[in-house]
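Okay, thanks for coming, everyone. Let me put the structure up on the screen, and then we'll walk through it together.

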Amino acid sequence: MNNEEKLDDIDIKILRQLQRDAHLTVKELAARVHLSPSPTFERQKRLEREGYIERYMAVVNSEKVGNGIIVLCNIRLKQHTQKLIQEFMDAVQQIDEITECFNTSGDFDFLIKVYARDMKAYQQFMLNTLGTIECVGSLHSVFVIGEIKNTRGVPVVETRRE
């Protein structure tokens, strides 16, 4: 049985509500999903245990903490060996400025999302951080002019138990 089959309508409502506001109390969440607090709490704990809810976190305003620019950077490795791919993936885990990293198809191997204070800070990041990762062959930076949508959530699809 796949994971989606385990979700009923109440589970889906709980996931959607918590993605909108993970700061809800159990009582508030219960009212929004039309269930009493005790079963709501049990369902939420089950969703956590089963890995549907991976973690809770605050969404921080990047500009207020000094990150004025967002850069999407395509990375091409020098070679496609298991060793170099793993080396890059390990390096990315240690770099705070990189908040997201995707292994991609096409002309580039990875896409990273980088936050920086300004252009000069990004230049230093490219030279002193990305530039020190030996397996990086080339990169292509795209500067975000404006963020139109970022829900920071994932779609929770309607499924039915069988």
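So, a question to start with: where is the place of Arg152? Arg152 sits in the segment after strand E4 (136-143). When I say helix or strand, I mean DSSP runs, with H or I of at least four residues for helices and E of at least two for strands, numbered from the N terminus.

Quick housekeeping. This is a predicted model, so local features need pLDDT of at least 70 and side-chain atom pairs count only at pLDDT 80 or more, while totals for chains, interfaces and linings use all residues. Residues are numbered from 1 along each chain as its sequence is written, and side-chain values use heavy atoms, with hydrogens and water left out.

Back to Arg152. Its phi is near 60°, a positive value in a residue other than glycine. At 47% relative accessibility, Arg152 is partly exposed. The cut-offs: buried is under 20% relative accessible area, exposed is over 50%, and partly exposed is in between, with a 1.4 Å probe and protein chains only. His34 also has a positive phi, about 60°, and is not a glycine either. His34 lies in the loop between helix H2 (26-33) and H3, and counts as exposed at 66%. For context, most residues other than glycine have a negative phi.

Now zoom out. The protein chain has five helices and four strands, and the order along the sequence is α-α-α-β-α-β-β-α-β. The radius of gyration is 20 Å, where a compact globule of 162 residues would come in near 15 Å. That's taken over C-alpha atoms, and the globule rule is 2.2 Å times the number of residues to the power 0.38. Along its principal axes, the C-alpha trace spans about 55 × 40 × 25 Å. As for burial, 29% of the 162 residues count as buried.

On to the cores. A nonpolar core here is a set of buried Ala, Val, Leu, Ile, Met, Phe, Trp, Tyr and Cys residues joined through side-chain atoms within 4.5 Å. The largest one has 21 residues, and Ile75, Phe88, Ile98, Ile112, Tyr122 and Leu130 touch the most other members. Strand E1 (69-77), helix H4 (82-93), strand E3 (110-116) and helix H5 (119-128) each put in at least two residues, with E1 giving the largest share, five. There's also a second, separate core of 12 residues, including Ile12, Leu15, Leu24 and Val156.

Let's look at some contacts, meaning heavy atoms within 4.5 Å. I'm leaving out residues up to four places away in sequence for these. Leu130 touches Cys73, Ile75, Ile98, Ile112, Phe125, Val136 and Leu139. Cys101, in strand E2 (residues 98-103), touches Phe88, Val92, Phe110, Leu111 and Ile112. Cys101 and Leu111 are 10 residues apart along the chain, yet their C-alpha atoms are separated by 5.7 Å. And is Cys101 buried or partly exposed? Partly exposed, at 31% relative accessible area.

Last residue: Gln44, in helix H3 (residues 37-49). Gln44 is buried, with a relative accessible area of 11%, and its contacts are Leu18, Val26, Leu29, Ile53 and Tyr56.

One chain-wide number to finish: among contacts with a separation of 6 or more, 68% come from residues 24 or more positions apart. Okay, over to you.
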